[in-house]
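Open the model in a viewer and keep the selection tool at hand. The stops below say what to select and what is there.

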Amino acid sequence: MSTVPSFWSPRIAALEPYVPGEQPRIANLVKLNTNENPYPPSPRVLDAIQEAAEKGLERYPDPESVALREAIAARCGLHGTQVFVGNGSDEVLAHAFFAFFQQAEPLLMPDVTYSFYRVYAQLYAIACELQPVDEGLRLDADALAARAAAGCGGIVIANPNAPTGIGMPLACIERLLQACPQRVVLVDEAYVDFGGESALPLIARYPNLLVVQTLSKSHSLAGLRVGFACGQAQLIDALQRVKNSFNSYPLDRLAAAGAIAALADEAWFSKTRDAVIDTRDGLTLQLEDLGFEILPSQANFVFVRHPSHDAVALAAALRARAVLVRHFNQPRIAEYLRISIGTREQCSALVDALAQILD
Ligand SMILES: Cc1ncc(COP(=O)(O)O)c(C=O)c1O
């Protein structure tokens, strides 16, 4: 009997990779499953990409992405040396885990949060300790700060949290920063523009703060893959070292040009962001009318459960009606559905489908 040899290294064999939300190949689905922005990016983005495509594609891009970093810095009130950019914030997060969290003590994170964090930790063999959220899926910042003060390898939190949408006040973030001044506190602000409180103003006072953001959500650029981290230059230098030991040109010319143009169109950003927030607030009321319990969201999605309907069955019934939402088959949140905020028309289609299903 022949056996097939495994060429995999043991750590890869033991990995449980992140499972991204479905990107269906079927047209005309109401796609509310991966927290994309339902609106297109600013028209200026397409012009900038067109222009960049017409010149210089035969040349490598700027490995340091100086122009984009300066554009982000200007928007965030920072210096270019305080900004790192990557191919989506997922890549930025991966580099940050590699750069800061390979420590003797465990990395702390909530037990309900963005599930990619645990994958990065596994990938880099970083021990994690999960801080339980309460019944309402809220994180107790004081308990986490007390645990951190006893010694840890760092803290990672999403604010607003994913997949709950619940935001944490800046005063709580500050307590975490003070609790472990020798370790990095990474605050993932992927959804902050939809109503959260950003920790960017704390960077000047806290050398251990790294804020990660993305253009995928509030700037409608999920397809372009641009994320960034902000922090004092010493942290950014570490990220540059990882990047330059991995892929020195993570952002291509088109992505950099498109991102700069998106950041420059503040009016488009505000208009689309406000539309998403407004639709979220309207959808919350409609879902409440249908009997759903909805966690207070500061993000571009809502996390909901129905007291008398199973989440898996609801997701399947919605899919049968061409509406995609996200279910996580994970402890503590298996009875919830995460619904991304679409256009007003898409959210009406969702509500109509739910009304039929619950009838
Ligand atoms: C909390 C959180 N962080 C980071 C990301 C990654 O975003 P991107 O890689 O598109 O920048 C996501 C994506 O859904 C997310 O939910």
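## First stop: a central strand

Select L107 and G154: G154, in β5, is the bridge partner of L107. The model on screen is a predicted one. Extend the selection to β3, residues 107-110, and to β5, residues 154-158; these two strands pair in the parallel sense over two bridges.

Now add β4, residues 128-131. It runs parallel to β3, and four bridges join the two strands. Here the bridge partner of L107 is C128. To follow the chain from β3 to β4, show helix α5, residues 116-123: the chain passes through this helix, and the β-α-β crossover is right-handed.

Show the side chains of β3 next. In a regular strand, side chains alternate between the two faces of the sheet. In β3, L107 and M109 point one way, while L108 and P110 point the other way. Are these residues buried or exposed? All four of them are buried.

## Second stop: strand β8 and its partners

Select β8, residues 227-230. G227 and A229 point one way from this strand, F228 and C230 point the other way, and all are buried.

Add β2, residues 83-86, which pairs with β8 in the antiparallel sense over four bridges. Then add β7, residues 209-214, which also pairs with β8 in the antiparallel sense over four bridges. C230 is a useful residue to click on. From β2, V83 has C230 as its bridge partner; from β7, V211 has C230 as its bridge partner.

## Third stop: the ligand

Select the ligand and show what lies around it. How many residues surround the ligand? There are 13, and the closest are G88, S89, D90, T214 and S216. Colour this shell by residue type: five of its residues are nonpolar, six are polar and two are charged.

## Fourth stop: the two domains

Colour the protein chain by its domain assignment. Domain 1 takes in 15-41 and 267-358, and domain 2 takes in 43-264. The C-alpha centres of the two domains lie 25 Å apart. Where they touch, 28 residues come from domain 1 and 27 residues from domain 2.

Stay on the domain 1 side of this contact. Helix α10 and strand β10, residues 301-305, each supply at least two residues there. Which element gives the most? α10 does, with five residues. By type, the residues on this side of domain 1 divide into 17 nonpolar, six polar and five charged.

## Fifth stop: L283 in helix α10

Select α10, residues 266-289, and pick out L283 within it. Why does L283 count as buried? It has 24 C-beta neighbours inside 10 Å, and a residue is called buried at 20 or more.

Leaving aside residues up to four places away in sequence, L283 touches V302, I341 and C347. Draw a distance from L283 to I341: their C-alpha atoms are separated by 8.3 Å, although the two residues are 58 residues apart along the chain.

## Last stop: a three-stranded sheet

Select β9, β10 and β12. They form an open sheet in the order β9-β10-β12, with antiparallel pairing. The edges are β9, residues 293-294, and β12, residues 337-340; each has a single partner strand, so one side of each has no neighbour in the sheet.

Finish on the pair β9 and β10, which is joined in the antiparallel sense over two bridges. Click I294 to find V304 of β10 standing opposite.

Notes. Residues are numbered from 1 along each chain as its sequence is written. This is a predicted model: local features need pLDDT of at least 70, side-chain atom pairs count only at pLDDT 80 or more; totals for chains, interfaces and linings use all residues. A residue is near a molecule or strand if its C-beta atom, placed from the backbone, lies within 6 Å of it. Ala, Val, Leu, Ile, Met, Phe, Trp, Tyr, Cys and Pro count as nonpolar, Asp, Glu, Lys and Arg as charged, and the others, Gly among them, as polar. A residue is buried if 20 or more other C-beta atoms lie within 10 Å of its own, exposed if 12 or fewer, and partly exposed in between; C-beta atoms are placed from the backbone. Two strands pair if DSSP finds at least two bridges between them. A crossover is right-handed if, with the strands pointing away from the viewer, the path from the first strand over the helix to the second runs clockwise. Two residues are in contact if their C-beta atoms, placed from the backbone, lie within 7 Å. Domain bounds come from an automatic or database domain assignment.
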